[in-house]
Amino acid sequence: MAVTDANEVALKIVLVELLKTVSSQIQKTAKFKTLLKRLEKTLKNIEPIFYGNGGLSIVLDRPQKEIKMFIFYVENGKNLVLKCSRIKCWNVYKKFIHANKLIRLDNELQRFFQIGLEDRNHRIMIGIHDLGDKMDQVLSAVTERAGGFSGSCSVPGLPDVIIGLDYHLEELKRRLLKDDNQVLTVSAPGGCGKTTLAKMVCHDNEIKGIFGDNIFYVTVSRTATLKSIVQKLFVHHLNVKCCEFQTDEEAKDQLENLMKQMGSENILLVLDDVWSESESLIQDLKFPIPGYKILVTSRFLFPRFGSTYELSLLNDEDAKTLLCRSAFPYDGIFNVPDDLVSKMVKCCKGFPLALIVIGSSLCGQGVVKWRTTLKKWSEGQSIFDSSKQLLLNLRASVDALEEFPIARDCFLDLGSFPEDERIAASALMDMWVELYNLDEEGIYTSEYLLELSSRNLLSLVPARKDASELEGYCNEHYVTQHDLLRELAIHLSCQEPITQRTRLLIEIHGNDIPTWWIEQSQQPFTTRLLSITTDEAFSSIWYDLKGPKVEVLVLNIRSQKYALPWFIQKMNKLKVLNITSYSNNFTELHQLSLIGSLSNLRRIRFEHLSIPPLIQSIFEFKNLKKLSFIMCEIGNAFDSCTIDAPSMLPNLIELEIDRCYDFKEVPAALCNIDHLQKLSITNCHELDALPKGFGRLSNLETLRLDSCTKLAELPNSIGNLGSLTFLDISDCLSISFLPHQIGELTALRVLKMSGCRGLQDLPASVTSLSSLEDVICDEETSYLWRFYEHDLCDLKINIVEDDRFADFMKIVAQ
């Protein structure tokens with residue numbers, strides 16, 4: 001009995017002291033006011049037990065050890081309450097932990113005295129809306145879940161069916177866990193499954209085992225701010241009902257402090273659907289915390305963060321499975337022939353969103369609907385006419401270019417080229433320089449290519465393994481584009497009436513000229529860019545087309561013979577002519593003389609053509625700035641090039657001859673082109689010498705001769721090229737020495753010479769190359785330059801990896 005009385009007295013004392021302390025601290029601190037009031041209410045509910053209602057005997061009828069442990073716990077509780085005023089407001093994590101301890105104290109009091117358990121969850125929320133401090137909101141929210149963070153439960157659920165992402169999941173997990181970069185971006189066009197893949201990562205057992213409850217998932221809107229993202233984290237992951245920050249900096253600091261105080265625990269932050277204008281938010285959310293990772297999904301690329309996982313499209317098998325899941329969801333019974341399903345899959349190009357949307361639109365439809373849909377598409381109707389949802393989703397990426405209207409135009413221009421073909425970046429840049437008055441050097445045109453690439457609206461593929469910015473930004477790249485994005489560009493370009501379109505894109509199958517062309521052949525078209533694509537059966541049968549405002553003409557050819565359209569001679573504003581054959585063999589080009597009257601022509605590009613022998617009219621163009629022969633059969637086309645300097649291409653700045661395998665000799669007359677600044681003769685394996693008068697090209701700044709495998713030497717007159725800043729003789733396998741006069745190239749900054757296997761030594765005159773900054777060569781050649789390194793203090797020797805197989809193939813080509 002004496003022990004019971006002692007316990008009763010001790011218990012009363014610690015409870016009374018605790019109540020006094022709680023009541024006192026409520027007046028002194030606002031940081032834990034809500035939780036302290038809750039604790040005060042619990043203690044006041046306990047008081048009647050000590051005054052004759054019989055409840056105390058039940059409490060004291062417990063094991064003595066348990067009662068003593070509880071008294072000790074309550075005594076420590078007093079110290080816990082006293083610490084409330086000493087917790088700094090900025091130390092979010094300590095406030096968080098302290099709040100948990102207060103909640104546990106309150107729960108233990110209720111458990112021990114067996115009161116209010118049924119009402120606990122309700123009372124926990126009392127006073128939430130009366131909090132005066134935003135961090136009190138965070139702390140009081142903990143009362144709903146005393147176990148700390150529970151981010152994983154906030155990750156959106158997964159679709160019932162996921163197809164084709166298992167491999168990507170394993171690869172993304174590997175990258176996420178092994179990559180040293182804190183930020184990993186999953187990038188792909190809209191509708192490719194980026195969000196689903198991110199959710200799969202969050203729900204993966206291995207990832208949950210590593211990050212536990214510290215997985216935070218936030219969908220980032222286009223108008224998101226740092227404050228709004230941090231608020232989402234607190235509201236959705238901490239169940240705070242109302243949380244506001246005054247500034248972005250305050251929000252960032254509060255989040256960083258919280259994460260830093262989490263100790264050694266790993267943290268995964270998923271930022272879903274980040275737009276390009278929100279790139280800075282990713283940087284703001286990077287904190288130097290071990291074990292902290294950020295997974296970003298975006299239809300854009302963010303190269304500044306270093307690590308990107310580009311999500312590929314579905315293969316044929318997975319694409320067919322996904323389409324069938326959408327088209328036959330109920331019983332899985334196919335009521336459509338397999339060949340129709342396969343054709344529909346092909347039209348969707350492996351694009352998950354297209355497969356789902358198109359499959360759903362055909363769900364429950366019979367064979368007739370499938371056939372008519374395919375027929376409409378084959379006759380030129382866009383897939384986007386069948387699906388507004390698909391159009392809206394993909395168009396969002398293009399509409400996001402509203403701040404870059406020229407970039408949007410550049411995207412639409414991509415529809416001018418055939419499906420599934422690589423486009424030379426230089427060909428696009430030629431168009432854009434003239435259409436949009438961009439710079440001749442390619443700085444701004446490259447910028448638009450990079451902008452579109454960063455938004456996944458096209459892909460940039462280096463044409464060569466050692467392509468670099470030293471060679472002129474994106475000149476050494478090809479552009480590829482997903483077929484559905486190309487179709488989007490065409491669809492958006494065809495919204496106005498035909499005669500009023502800025503871009504007029506025409507496809508001719510066989511000799512079937514579109515009906516509208518025949519009917520409106522007498523009406524003038526306002527188009528600035530005209531693209532005409534013909535197939536192998538086309539016989540060069542033309543109807544009139546009045547295009548007085550056409551500035552760019554793109555002719556895509558597949559036939560063995562091709563005559564230029566006769567109406568071209570009336571396009572007096574034409575600035576750019578691009579003629580490309582996509583046939584397996586060279587296409588014979590006829591009626592080239594029709595362009596002779598086009599005095600405004602500034603850029604001509606011939607690709608994969610058999611050039612007619614008489615092209616003298618081209619060399620008489622007064623305004624031509626660039627002339628390109630790419631993979632052409634030259635033959636004796638240059639034999640007529642005998643015009644003297646004053647009248648020959650007086651404004652030509654750039655001449656490009658690439659992969660013209662029968663090009664044997666540079667006409668001496670070309671050395672009279674006074675204004676030539678860039679000369680590129682590359683991959684011409686029959687060229688064995690340059691003319692002696694080569695040095696007359698006094699304004700030449702860039703000279704590229706790479707992969708001319710029979711070229712045995714550079715002419716002595718090369719020393720007269722006083723303006724030359726860039727020289728490339730890479731893979732010129734037959735060059736055994738450099739002329740002494742090369743030391744006279746005092747303006748030379750970059751010299752590329754990897755793969756010059758026959759070169760045994762360098763002339764001592766290289767020490768006079770006072771402006772030389774970069775030598776790009778293989779390891780073997782680098783030893784020759786090391787000897788002169790001390791004489792060229794600004795020189796940087798860049799070693800590129802040898803490609804023995806490529807060298808072997810070049811030797812075979814000889």
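Let's start inside the fold: six of the six residues of strand β11 (residues 552–557) are buried, so β11 is largely enclosed by the rest of the structure. Here, buried means under 20% relative accessible area, exposed means over 50%, and partly exposed lies in between (1.4 Å probe, protein chains only). Strands (E, at least two residues) and helices (H or I, at least four residues) are DSSP runs, numbered from the N terminus.

Before going on, please note that this is a predicted model, in which local features need pLDDT of at least 70, side-chain atom pairs count only at pLDDT 80 or more, and totals for chains, interfaces and linings use all residues. Residues are numbered from 1 along each chain as its sequence is written, and side-chain values use heavy atoms, with hydrogens and water left out.

**Around β11**

Which way do the residues of β11 point? V552, V554 and N556 face one way, while L553, L555 and I557 face the other, and all are buried.

Strands of a sheet pair through backbone hydrogen bonds, either parallel or antiparallel. In this report, two strands pair if DSSP finds at least two bridges between them. Strand β10 (residues 529–534) runs parallel to β11, joined by five bridges, and L529 stands opposite V552. β11 is also joined to strand β13 (residues 576–581), again in parallel, by six bridges; there V554 faces N578.

Next to consider is strand β9 (residues 503–508). Five of its six residues are buried, so β9 is largely enclosed by the rest of the structure. Six bridges link β9 to β10, and these two strands run parallel.

Here are some residues that stand opposite each other across paired strands:

| Residue | Partner | Strand of partner |
|---|---|---|
| L505 | S531 | β10 |
| L529 | V552 | β11 |
| V554 | N578 | β13 |
| A563 | H590 | β14 |
| L460 | V479 | β8 |

**Two open sheets**

One open sheet has three strands in the order β12-β14-β16, with parallel pairing. Its edge strands are β12 (561–563) and β16 (609–610), each of which pairs on one side only. Three bridges hold the parallel pair of β12 and strand β14 (residues 587–590).

Another open sheet also has three strands, in the order β6-β8-β7, but its pairing is antiparallel. β6 (423–424) and β7 (459–462) stand at the edges with a single partner strand each, so one side of each is left without a neighbour in the sheet. β7 and strand β8 (residues 477–480) are joined by four bridges and run antiparallel.

**A helix with a buried face**

Now for helix α15 (residues 338–348), whose buried residues are L340, V341, M344, V345 and C348. Seen down the axis of α15, these buried residues fall within an arc of 140°, so they line one face of the helix. That arc is taken from the directions from the helix axis to the C-beta atoms. An α-helix has 3.6 residues a turn, so residues three or four places apart point the same way.

What covers the buried residues of α15? The cover includes α14 (316–327), α16 (352–361), α17 (367–378) and α23 (483–493), where contact means heavy atoms within 4.5 Å. Just after α15, K349 takes a positive phi of about 60°.

**Positive phi in two loops**

M631 has a positive phi near 50°, although M631 is a residue other than glycine. M631 sits in the loop between β17 (626–630) and β18 (654–658) and is partly exposed, with a relative accessible area of 24%. N683, which is not a glycine, has a positive phi of about 55°; its place is the loop between β19 (678–682) and β20 (702–704).
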